[in-house]
Amino acid sequence: MPRLHATLTRIKPKLKDRAKPAAGMRLPNRRGLTVNSMLTIFRRIATYSERPPAAIFTTDRFYRKPKPETGPKLSDRHDGNHSGVRFMTEQTALASPNHAVNMPAHVDHAHLVVMDLPMVADWYQKIMGLSVLERSPSGLTLGVGGRPLLTLSTDGKAARASRRAPGLFHNAFLVPDRKELSRWLAHAAHGGVQLTGASDHLVSEAIYLDDPEGNGIEVYRDRSREDWNYQPDGTVEMATLPLDLQRLYDEAPKDEAWSGLSEGTAMGHIHLQVSDIPQADAFFRDVLGLDLMARYPGASFFASGKYHHHVAANVWNSRGAARREPAMSGLADYTIRFAEPGRLQQAVDRLETMEIATTRQGGVVSLVDPWGIGLNLSA
Ligand SMILES: [Fe+2]
């Protein structure tokens with residue numbers, strides 16, 4: 001039985017705070033249940049969140065109670081017994097998630113193949129607050145503020161992917177600040193949405209859930225970069241600590257109707273299931289040119305521009321799994337956009353060296369990665 005990382009937290013909306021849910025908000029979760037009055041955090045450590053096995057993160061070095069999220073900003077180091085660990089206590093956050101996007105490389109958007117396109121598309125609009133930006137014969141593209149984040153399509157021949165298959169662990173929607181995270185949490189709580197986890201990662205605060213077909217989702221906000229703790233080797237310190245959802249919920253403005261994720265929301269990162277970590281290191285670091293920013297047991301985190309991670313890859317469900325089949329539900333492909341064409345070309349050159357086939361259409365280079373996941377590279 002894996003050790004659980006998050007304190008079981010139940011959101012208790014005050015009666016006066018509970019807005020009447022919008023039509024269609026009380027959606028059954030994938031177990032066929034409906035949660036009407038509370039948001040239940042399922043403690044499924046083995047499956048969700050940026051979580052490591054307990055061995056590391058239950059040590060005193062990592063498992064500490066963060067100071068309250070109120071009061072003066074404290075970015076100083078903790079006492080001498082735990083040098084190198086910072087408390088993250090600032091109330092204010094970054095003005096915009098663009099700090100994750102305006103980087104040498106970032107994840108532009110993802111593409112999921114779903115079984116029930118109308119239902120899943122409706123869910124992403126109502127629960128995640130995405131808007132339809134474009135429709136095509138096979139699907140539609142959703143986004144925020146005109147920024148495409150997620151393409152959904154359907155394929156009658158697609159088989160439902162096994163949980164062990166390489167593919168998506170979660171798409172991570174980065175919101176501008178803690179207030180926006182609290183606004184989304186209140187919206188989810190009032191709508192009876194079932195969450196799967198919630199964590200304080202030191203660099204960020206994250207909430208996890210699944211879409212109706214089991215595709216993982218993270219909604220998160222970043223703390224200020226000046227409070228991230230970079231190590232001498234260039235990696236950044238992350239951990240998995242409990243996130244006080246009740247406190248976050250209580251901070252949400254209660255006098256505003258929720259009208260979707262705010263402009264500036266971005267696909268901050270994508271977290272993948274792969275079959276082998278050394279292979280992931282070789283692909284994302286050595287071929288695509290991303291920096292290795294952190295390691296957990298069974299996972300690596302890669303980024304450009306010293307972001308905490310634009311791409312994560314783990315083997316928690318998929319160690320040693322066979323390549324993904326072409327016609328499968330779930331993650332079909334995703335796009336990494338390079339700021340400089342030269343960096344794209346360097347990646348293409350290394351792909352050729354590795355004899356990984358690519359196709360080019362316009363400015364987009366497409367390939368299938370070592371685990372059968374589609375990847376588009378653009379600049
Ligand atoms: Fe994540």
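This report describes two strand regions of a predicted model and the helices that pack on one of them.

Local features are given where pLDDT is at least 70, side-chain atom pairs count only at pLDDT 80 or more, and totals for chains, interfaces and linings use all residues of this predicted model. Residues are numbered from 1 along each chain as its sequence is written.

An open sheet of mixed pairing is formed by 9 strands in the order β9-β6-β7-β8-β5-β10-β13-β12-β11, where strands (E, at least two residues) and helices (H or I, at least four) are DSSP runs numbered from the N terminus, and two strands pair if DSSP finds at least two bridges between them. Because β9 (241-242) and β11 (291-296) stand at the edges with a single partner strand each, one side of each is left without a neighbour in the sheet.

Helix α4 (residues 178-190) lies across β7 (204-210) and β8 at about 145 degrees to β8, whereas helix α6 (residues 277-287) touches β11, β12 (299-303) and β13 (311-314), its direction making about 5 degrees with that of β12. Contact here requires C-beta atoms, placed from the backbone, within 7 Å; axes are lines fitted to C-alpha atoms, for helices over the stretch in contact, with angles from 0 to 180 degrees between N-to-C directions.

The following strand pairs include examples from both regions.

| Pair | Sense | Bridges |
|---|---|---|
| β5 (residues 167-174) and β8 (residues 216-222) | parallel | 4 bridges |
| β14 (residues 330-338) and β17 | parallel | 5 bridges |
| β16 (residues 364-368) and β17 | antiparallel | 4 bridges |

Opposite Gly374 in β17 stands Asp333, while Leu367 stands opposite Leu375. Along β17 (residues 374-378), Leu375 and Leu377 point to one face and are buried (20 or more other C-beta atoms, placed from the backbone, within 10 Å of the residue's own), whereas Gly374, Asn376 and Ser378 point to the other and are not.

Note on methods:
Two residues are in contact if their C-beta atoms, placed from the backbone, lie within 7 Å. A residue is buried if 20 or more other C-beta atoms lie within 10 Å of its own, exposed if 12 or fewer, and partly exposed in between; C-beta atoms are placed from the backbone.
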